[in-house]
Each structure stands twice: as C-alpha cells, then as structure tokens.
Amino acid sequence: MPWIALAQVTAPSPAGIAEVERVIVTGSNIPTAEEVGPNPVDTYRPSDIEKLGVRNSTDLLINLPQEMGTTVNQNMSGLGDGSVIPNLRGLLPKETLVLIDGKRAAIVGAGGVFSSGLSGVDINLVPFPMIDHIDILKDGASAVYGSDAVAGVINIFLLHKFRGLEIGGSYGNTNMGASNDAGEREGWLKAGTGDDKTDIVVIADFYDRAAIYNRDRFLSGNADAIRWGGFDDRSTSFPGSIGPFRLIPRLFFSANTPPPRNDGKGFLNGTLAGLDGDYVLYNFQAVMPAIPPADRQSFYGSFVRDVCDKYLTVFADFKYTRSFFDGANEPTPFNPDPFTLPSGAPFSPVGLSVPIQNPFNPFTAADATLIYNGVPVPVTTGVSYRAINDEPVRTNKTTFHDLLFDAGLRGDMGEFGDYFNSWNWELGFRYSRNEQENLLSGIVSKSGLREELLDTNPATAFNPFLGFFGRNSPAATSRVYVTLDRFGAFELPLGFFHLDGDLFNLPAGPVSFAVGLEYRGERWRNDPDSLNTTFDTIGSTDFQASKVNRDVWATYQEVRFPVTSPAWKFPGAYSLEFDIAEREEWYSQNTSAITVLPAQHSQYDAQKPKFSLRWQPLDPKWIGALTLRASYTEAFHAPTLPDLAPGGAEFFLGFPDNLHDPKGLTPPGTSVPVIASGNPNLKPEVAYEWTYGAVYSPKWIKGLTLSADFWHIDLRSIASFVGPQFIIDFENSFPGLVIRNPPTGAIGEVISPSLNLTRAIVEGIDYEGIYILDSSIFGHGDFGRLTFTLNDTYLSRFEFQPTPFSKRIGLSGEFVTSASFTGSLPHNRAYLSAFYDGPTDTRLAGFDAGATVHYTGQYEDDNIDLTESSKPQEPRSGPFPQRARKVSDWVTLDLTTSYTFDLLAPVLAKVPGLAKDGGKNVTLKDGMEKNVLPVSTAEYNSCGWRAWFNGTTLTVGMQNVFDSDPPFVAGTFENNYDESLATIKGRFWYAQLKKKF
C-alpha cells in the first residue's frame, strides 16, 4: 500500500553516515536516497495489493481513490472489449500515462472501446505475479515523461530478480452471495536463478473467469429502472408490432405469423397504452451478461548480466500475453431501415420497410412507395423486428496479443575517475506491439436483408411479422446474419539514452543532473470488416479503415540542487532543495487517405518545464519529520493517433433508448445516424498544473505519518470525441452538427467529430495517513504489530467549458453522460484498513490478518436528463424537478488473512552411541563396527512435511462481506450501476496457496 512508503519516513542521515543507495523514483529522472520526495507517489507492492483484497486489475482500479470518471474495465459487458485502462482524476483515460519499467508501451490495438479518448495501455496484460511494484504519481509529469502525463502516471515495474521456484494458484467464487456461481481462477509459476553478476527470471501465468448474468441480479436484471427512480430503457424494437399496432395475444405469444394479404384484419388489436410488462417493451438486459467470461495467458522472461562489474551490464526482457474477452449484447434490433432515401436517411424513420410482395406481408395495400434500383416498390413501413430467436445473442469476442521486448546496456562511469563515481548511463531499445481482433456475430447485413425482404419465395424469404417466439428458417437467415472480423494493431519501437550523476558540490551538497534522448515511432492501423467499410451492417458500428504513423524525437534535462544541508542545522531551512526539469518533443505524423480526404501530414513541437520544491523547515528532533513539497508543471498532450484518424464511423442511436431530445420534437422509436470521426487537424492540448502539500511524522506519536496534497489541473484545448448527446444539449454551440427535419423539427442526423474544446479545471486534495503500533514499545514483549491506513481523495472542483461562447459547467459531485468527460465524479473516495502482523521469531511471525473498508460518497445522478433540464449548469431546474435524485454512497468491507509457514528444523541433541552424522555404531558378529542410520520419520526428513510446509503461504479472504449491491445510477450506460467505480459481483470469497522452494 502507499503507506509502506510513508511508514519509512525518517530524518535525513547526518553527515558521516554511510550513504543510502540512490534509486530513480517515478516523477524524476535523477536518483535519490530521500524517502519523501517533492512529488506525491504511492507505491503498491504485491503484498500490499493482496492486503487490499484485490484479485485482478479491475479490482485494483475500482479500489483506487484517485480513479474517477469512465474507466474501461472488465465489468463492461456490451460496451467493453476486455481491456483495463486507468483514468486518474476523472479526466479521460488518455490523460493518464502508463509506463512499464519507466518506458512507454503500446496502447490497445483498436484505439479505444467506443471513443479514442478511452484509449490507453491495457494493464490487464501485466499479471500481478510479474510485478515487483507499482508507482502511482499523483502529479503531472510531461516535463519528465512527455505527452500524456497530464493527470498522473502509473509506472509498473516488472520483476527482474528472483531466487528459487514459486508455484501458486488461487480460486474464488461469488456463490456465497447474490450472484450465480462464477468462479475465478489463476495459477502461476515463477522461477529465478543467478549469482552476484547474473539474474534470470522466468514467469508463466494463466487466468480464467466465468460470467455473471444480469438475470441473476435484481439490480441489473431489468432495463426498466423506473422502480429505482430512473428511466424505462427497454426497447421499442420488438417483434410482433407494426407502427402503433400489436399482434393479438394468441399470435404474439406464439411462433406463428398472421395470414398474408388480409390487411391485418382481426390480427392487430391496436395499441397497448397503459399496459406494462416485458412483452410490451423488450427487456434486453435479461439476456446479457453483467460481467462476461474472460481468460488470459502470459509468459515473461528477464535476463541481466554484469559483464564488467557495474561498469557494463547487459539486460533483456520479453513478455507475451494473450487475453480473451467474451462480450455480448442483446439480439440485433432491425433498425435502421435497410432501404434508404436518396439522402441516405432511412426510408422508414422507425422500423423496417417491408415490400408488399414479401410472401409474409399481411397487408395488400402499401402505406408508402420507395424507389429501389430505379423501380417503384410498394411497402409497409414501421415494421418492428428483433433477432430474439434467430440469433439470441449478439456476441463480441475480443482477443488481444500483446508483445513487449527490451534490450540494452547500462553501467556506471566510475572507471573514468573519482569524479564520475556517481554517473550512470543506459542505452536501450524497446519494441511493443498490441494486436486486437474482434469477432462480432449476430450482425445484420443491410444488403442481405434487402434481398430477403424482396424475395417472393416463402421458403427463402425473410419473415419480420413473426410472433415473439417465432424463428426464421436457416434458408431465410443465411444472407441476413453475418459474422464480422475486425483487426487493429498499435506498434511502438522506442530507442533511448539516459545519463545521470553529480555535476559538482555546493556547500549544501552535490548538484545532480539527468539528461536523455528518446525516439519513438508510433504506428497504428485499424482494419474493419469489408461490410463495415461499405456501411452495410445493422447492429454494429460501420467505419472506414484508418492508418496513422507518427515519429517523435525528444530530449530532456533535469537538475536538482540543494540550498541548505541538515548538517548545518539551519533554523527554518533544515533541508531545502529545488528540482528543475524540462522536456522538448518534436512530432511528425501522417494520416492515410480516405474517400473524402487526401493523405495529410502535420508537425508540431513542445517545450515544457517543471519546478519542484522539497523543504524540511525544522530538525526532526524538535517536532518530528515535517516535509513540505510543491511543484508547478506545464503539460503538453499531442492528440492520440486514433484522435487524428480521418476515417468516419457511422452508428445508429435511438430515442429514447440512447438519446434524449431536449426540445421533445423527436418521436420515440426514432433511430438516427451518428457520424463520428477523428480529425487530422486537431491541435495539441496544454495544461498548467500545480501541487503543494506536507508529510508529517510527529515526534510524540511514534509510527504515525500523515500527508495531504492539494492538486490543480487546468487543461485547455481539449482534444476529444464529443458525445452526440452533448452536441444535442449544446446544439446552439455546435452549428450544423445537429440536423433536424425542417417540417417537424425531429432530429435526423448528428455529426460528432473530434474537436479541440475549450477548457477543464479540476482540483482536489489527497489525504493519507498511517499508524504503525508496535506492541514492543510497551516493554512487555513483542505481541505483533497493528497497522492502520487511510487513503482518501476529495474532488473539490471539476469545471468544463466546451466552447468559448458557453458557460462553465460544474461536474464535480455528479454523474455525467453528455459531456466529453463521462461517468461518476463523486467528491469523496477512500479506503480505511487495519492489519495485524504476528510477532517476529515466533510461530505467528508468518501470520497477518486485516480488514479494509472501501467508501465512495454520494453524488448527483444524471439529473439533466431526469428532469429534462435545458440548463446543464442547473441540472435540477427542468420541468420535472421531482425526478432529480442522488446516487447513494457505497461502503464495502473486505477481509483477508494469510499465514506463511516457517518451521524451524529441530536441533539434534548429543546422544551417546550416535556418531556426528546421526548414525549409530553397531558391533557386528565378526567384531567389526558399522555406522547405521536410525529409521527416520517424515518430521525430521529434509524432504518431509516440514520442507513441504516451509515457504508455503495460505491466504483466504472475502470481498464485500455484507454482499452490498452497488448503488443504482440512472444515467449509467448499462446494467443500472456505474461499472467504473463499482462491481455487481457481490460477496466474493477466495483462497490462494503458493509454495516457494
């Protein structure tokens, strides 16, 4: 846990004491021996992660107090792809930089789940057994690491030194709570060898998780959320209805169809106004998984060899991970109409147009005539259908193949003389590649559906007039339903050189520096299925192929200089040092040509500084160790490659299923096209950030450490995909992007490009505290140690101004659906833990047990849409203020306990007649003596039960002990709760066993 670092805060070593080893800490390129630096960094080691009750990367992000907004994780069923991408501070995930061993890695191959703003590095592809520790820098660091490090940095350090063999496995399940039997398994093998010059590590890991289905959870089992205070999001796309009419019950609740050519007489009974039930509107939630099944296999190898002592070291790493995510959506609704007007808009605004010539059409007279291939075709419009029985689930199977390879040289320069004793260098190369393949089944081909609807042969024609339990024949569906194969890849070759050391000595100490050069070549391509590129599908997003390349050259420099020294004992400035960093980056990118745009090329550069301060005003012997720290940084964020891709995507959203018209002019059931695209002309984002805080370990309370850090982010020229609902809500600020039908005013199309928006200001406070109570301080022996930890983030301000002409919108303490920043932005998120560790040199030395309470405070729901407010700045001011509600707070309790066996071998007493080797001298018949070993038991055998138990750790635990449901969120995208900050799996027990040889 982050408190591990805080617990070690001590007074700086006075002059004359041996120097502590200096290491590079996330947030700086200069090695340091200080345990509290100028930047707020939380460190999580595998043991800390286990104590938090975290079993996978999704658990980790859900439990991080700094995590807010829309986080991509494996709780997402219909919208997810299995990736897990952090989102610190509630800004877009792309504003959080994820590093592996301090270097960049490839983002997900497809470029993001449903928006380029959600792209990033998938941390699920780095299993916990491979991790040495994780640093979370809660400060901007563009001057150190370059673009993307706006909201913070998550730096994952892999394991490079290990001795022996470790075999481990874990199993957990939800079957002791409200969820169905959903097992979760992981197993690993870790092996390492080496000597004082060589380290070799090999790790293999597998992970598998079963599904939890919405139908098994009361909260997520129904899309009709009115009972909770939300919306009825059940779908109007339903079999057995034509316009406002419905088949009579004996036909509707059957697999039959009305007789053809009778004008529907006696088979349509008018509307079902005032009635309710899942046969009036379609409850798609009932067939979807709440948490889809997933699996993962990983292999990792590391090699380090000192060739010439520490002057020259060779290193190489290799990691490969395959992950699979079996996502699913409801059966495809047959909307929009495959027949179109000359403008490209659907011929029937709602449902299908079915030609009168279709052998199953119950009407003889058409209500409209369309022109198809130059021929007039009489049709019946408004026919509703969904593939409930033809294709019961629309699957979205995603497979990732992730590769990372490092090689290089490093060393120190002490051989060149004493002046260079502190100088270190590193020269290396990294290649990282992420491939993503999506297989989507149950998708409808527009061209195939048109041909089947026009077919006059009852044996092969498609029948959209079936009752709820009806199913089309295989001959009728062979051309209608298709499986799409999409592929995306992101590769990142990277070369780097780093040099650091001490330049010269000031009276207060050495002036340290770091300089470096980097090159990275970002390569991204996205190849959709041919049916997608021809915009010929219903039930999936159609889009054009994209290819974007970028070359980035960078230099950085950093200087740290001390002003005062602890040896001086200077009042008010016991220790004072400054750090100045700067980074320059040059960008050159090329985008591929599409049908309406030629290939384009752009260039830009940035030069951004960071200033940091670390100040200890008083000698720790007076009041304890008090460290004040502060930083100011200017950030630079180049648009991501998916942001720049000019290829357009078309998808259809329905009213009121997906969108809401504040003017009330768009009829329910209307499906409109949304055209989304990147923008090759996007400009870089800039940010101005500062933090200041204090870390204090009082002299009078030994073992207590407290810290508080205020942070402020002013992000400008935000490059973001603008959600269609946000464009509709701010229609006047985006002229020409909402296209309405002139006679009726109904929305007919929404254009949603990536744009440089104006500004967002986010600020808050991080609180942390730890108290370690060592029982030995009472002078009555060692009875163990108690550790209490608090980690809290308070979001005090989140203001967003989308255009220069619009007012700022306050988003903190709200669930946001329509702005570029989406998801839950609660004011408070925290965890509080208490752990007991057994006393040393006893059989309880390997025992620890504890509890962690996770807390997310209450916040406002999507009250803009609930009250139908036209004022985003006043979400409760709509015509229905009584609908406004708050999302309740969520408190869960996790318990865990573990024991590591460390059984001491028995001491052999001297026994007369026994030789030193434990044998017994026996006199034989011939007078000769023979040394005979006594019969041993397993207890004293070096391969007996002690050997098998020694080094074995058994862990058992339970998440969400009280089986608390996550709070209902009306504005959520699916499943009636916020999947980014909570989970619906309920009470989850687990057991883990690992053995180290």
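Which residue lies over the face of phenylalanine 997, and at what distance from the ring centre? The legends below take that up along with other local views of this predicted model.

**View 1. Two lysines, each over the face of a phenylalanine ring.** The residue over the face of phenylalanine 997 is lysine 995, sitting 5.0 Å from the ring centre. Look also for lysine 985, which lies over the face of phenylalanine 988. Here the distance to the ring centre is 4.4 Å.

**View 2. An edge-to-face pair made by phenylalanine 218 and tryptophan 228.** Aromatic pairs add up to 36 in this structure. In this one, the rings are 5.4 Å apart, centre to centre, and their planes make an angle of 65 degrees. Both phenylalanine 218 and tryptophan 228 belong to the loop between strand S9 (212-213) and strand S10 (241-242), and they are 10 residues apart. As for cover, phenylalanine 218 is exposed, at 58% relative accessibility, while tryptophan 228 is partly exposed, at 28%.

**View 3. A tilted pair joining a helix and a strand.** Now swap to phenylalanine 726 and phenylalanine 800, whose ring centres are 5.8 Å apart with 40 degrees between the planes. Phenylalanine 726 comes from helix H11 (residues 724-729) and phenylalanine 800 from strand S34 (residues 785-801), so this contact ties together parts of the chain 74 residues apart in sequence. Both phenylalanine 726 and phenylalanine 800 are buried.

**View 4. A cluster of aromatic residues.** Phe238, Phe252, Phe253, Tyr282, Phe468 and Phe469 come together here as one aromatic cluster.

**View 5. A nonpolar patch on the surface.** Ile200, Val202, Phe299, Phe303, Phe318, Tyr320, Phe405 and Phe429 make up this patch, and together they have about 620 Å² of accessible area. Strand S8 (198-209), strand S13 (294-308) and strand S14 each give two or more residues to the patch. One member to pick out is isoleucine 200, which sits in strand S8. With a relative accessible area of 33%, isoleucine 200 is partly exposed.

**View 6. A cis peptide bond before proline 336.** Follow the backbone from asparagine 335 to proline 336: the peptide bond between them is cis, and its omega is near 15 degrees. You'll find proline 336 in the loop between strand S14 (312-329) and strand S15 (352-355).

**View 7. Asparagine 373, a residue with positive phi.** This one isn't a glycine, yet its phi is positive, at about 55 degrees. Asparagine 373 sits in the loop that runs between strand S16 (368-372) and strand S17 (375-384). Is asparagine 373 buried or exposed? It is exposed, with 68% relative accessible area.

**View 8. Aspartate 841, also with positive phi.** Aspartate 841 is a residue other than glycine too, and its phi is near 60 degrees. Its loop lies between strand S38 (828-837) and strand S39 (847-856). At 80% relative accessibility, aspartate 841 is exposed.

**View 9. Glutamine 544 and leucine 811.** Glutamine 544 is in the loop between strand S23 (542-543) and strand S24 (546-564). At 17% relative accessibility, glutamine 544 counts as buried, because the cut-off for that is under 20%. Its C-alpha atom and that of leucine 811 are separated by 34 Å, and the two residues are 267 residues apart along the chain.

Conventions: Residues are numbered from 1 along each chain as its sequence is written. This is a predicted model: local features need pLDDT of at least 70, side-chain atom pairs count only at pLDDT 80 or more; totals for chains, interfaces and linings use all residues. Side-chain values use heavy atoms; hydrogens and water are left out. Helices (H or I, at least four residues) and strands (E, at least two) are DSSP runs, numbered from the N terminus. Buried means under 20% relative accessible area, exposed over 50%, partly exposed in between (1.4 Å probe, protein chains only). Rings of Phe, Tyr and Trp (its six-membered ring) pair if their centres lie within 6.5 Å; planes under 30 degrees apart count as stacked, over 60 as edge-to-face and the rest as tilted. A charge sits over a ring if NZ of Lys or CZ of Arg is within 6 Å of the ring centre and within 35 degrees of the ring normal. Patches are made of residues with over 30% relative accessible area and no salt bridge: like charges are joined within 9 Å, nonpolar side chains (Val, Leu, Ile, Met, Phe, Trp, Tyr) within 5 Å. Accessible areas come from the Shrake-Rupley method with a 1.4 Å probe; for residues, only the protein chains shown count as cover. A salt bridge is a side-chain nitrogen of Lys or Arg within 4 Å of a carboxyl oxygen of Asp or Glu.
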